[in-house]
Amino acid sequence: MNQKSIFLFILLISLSVTNAIPLEKRATQFHDCSAGNFKNAQLINVVMSPDPLASGKNVTFCVSGSLNHDIKDNGFVRVQIDDENKVHIDRFSANATATKAGQNFDIKTPQHTLPEIPDKYVLTVIIVNPSNPPNPANDVIGCATARVGF
């Protein structure tokens, strides 16, 4: 009887430890960032590779969706990484493909080599139709943000 109890106890501990170890990394979860400064922005879909980001590695972003605004000929995608104190770590842009409102778009950024990335950071991806003078409240038409490590 005692051997069965010990065996059962060891089995339960083993199962608990096995279930506590994640077997698959979870993809970064992006959220809407249209509140605040970006009143015209709609949530966009963002997939990045690698996910999660890794310091010194090349990264590409695939941005897709459908917006209520046209993406103009001079439109672009901007990716920005800030640390937990809102200090810019990295920022890069890629040209967007002009797309009519309501149509699906799919934009892939060129590879970009990342600098040193802290454990906690905020990743923001926006689609911008620039105006002169710049007006972020109206110029940003698509947006997604993720808080990593918080």
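This report describes the fold, the side-chain contacts, the largest pocket and some backbone features of a predicted model.

**Overall architecture**

The protein has 150 residues, of which 35% are buried. Its secondary structure comes to two helices and nine strands, and from the N terminus on these elements follow the order α-β-β-β-β-β-β-β-β-α-β.

**The disulfide**

One disulfide is found when the whole structure is searched. It joins cysteine 33 to cysteine 143, with the sulfur atoms 1.6 Å apart in the model. Cysteine 33 sits in the loop between helix 1 (2-20) and strand 1 (42-43), while cysteine 143 belongs to strand 9 (residues 140-148), so the pair ties together parts that are 110 residues apart in sequence. The torsion about the S-S bond of cysteine 33 and cysteine 143 is about -105 degrees, and the disulfide is therefore left-handed. Both cysteine 33 and cysteine 143 are buried. Cysteine 62, by contrast, has a relative accessibility of 29% and counts as partly exposed, because the partly exposed class runs between the buried limit of 20% and the exposed limit of 50%.

**Salt bridge, aromatic pair and a charge over a ring**

The structure holds one salt bridge, formed by lysine 100 and aspartate 70, whose closest N and O atoms are 4.0 Å apart. Lysine 100 is placed in the loop between strand 5 (88-95) and strand 6 (104-108), and aspartate 70 in the loop between strand 3 (58-66) and strand 4 (76-83), so this contact ties together parts that are 30 residues apart in sequence. As to the accessibility of the two partners, lysine 100 counts as exposed at 55%, whereas aspartate 70, at 34%, counts as partly exposed.

A search of the whole structure also finds one aromatic pair. The ring centres of phenylalanine 61 and phenylalanine 92 lie 6.0 Å apart and the ring planes meet at 50 degrees, so the pair is tilted. This pair links distant parts of the chain, with phenylalanine 61 in strand 3 and phenylalanine 92 in strand 5, 31 residues apart. Phenylalanine 61 and phenylalanine 92 are both buried.

Towards the end of the chain, arginine 147 lies over the face of phenylalanine 150, at a distance of 3.9 Å from the ring centre.

**The largest pocket**

The largest pocket contains about 610 Å³ of space. It is lined by 25 residues, and those closest to its centre are Phe38, Gln80, Asp82, His88 and Thr124. Strand 4, strand 5, strand 8 (121-128), helix 2 (136-139) and strand 9 are the elements that each give two or more residues to this lining.

**Loops and backbone features**

Several loop residues deserve a separate description. The table gives the relative accessible area of three of them, together with the loop in which each is found.

| Residue | Loop | Relative accessible area |
|---|---|---|
| Lysine 86 | between strand 4 and strand 5 | 72%, exposed |
| Glutamine 103 | between strand 5 and strand 6 | 45%, partly exposed |
| Proline 115 | between strand 7 (112-113) and strand 8 | 30%, partly exposed |

Lysine 86 has a phi near 70 degrees, which is a positive value in a residue other than glycine. For glutamine 103, the C-alpha atom is separated by 8.8 Å from that of asparagine 68, although the two residues are 35 residues apart along the chain. Proline 115 can be described in the same way with lysine 57 as its counterpart, since the C-alpha atoms are 8.1 Å apart in space and the residues are 58 residues apart in sequence.

Two peptide bonds that lead into a proline are cis in the model. In the bond from aspartate 51 to proline 52, omega is near 10 degrees, and proline 52 has its place in the loop between strand 2 (45-49) and strand 3. In the bond from asparagine 132 to proline 133, omega is near 0 degrees, and proline 133 belongs to the loop between strand 8 and helix 2.

How values were computed. Residues numbered from 1 in each chain as written. Predicted model: local features only at pLDDT ≥ 70, side-chain atom pairs only at ≥ 80, totals over all residues. Heavy atoms only, no water. Disulfide = S-S within 2.5 Å. Helix = DSSP H or I, 4+ residues; strand = E, 2+ residues; numbered from the N terminus. Buried < 20%, exposed > 50% of the residue type's maximum accessible area, 1.4 Å probe, protein only. Salt bridge = Lys/Arg side-chain N within 4 Å of Asp/Glu carboxyl O. Phe/Tyr/Trp six-rings, centres within 6.5 Å; stacked < 30°, edge-to-face > 60°. Lys NZ or Arg CZ within 6 Å of the ring centre and 35° of its normal. 1 Å grid on protein atoms, 1.4 Å probe; cavity = no way out; pocket = protein on both sides within 12 Å on 5 of 7 lines; lining within 4 Å. Points joined across faces, edges and corners; volume = space filled by probe spheres on them.
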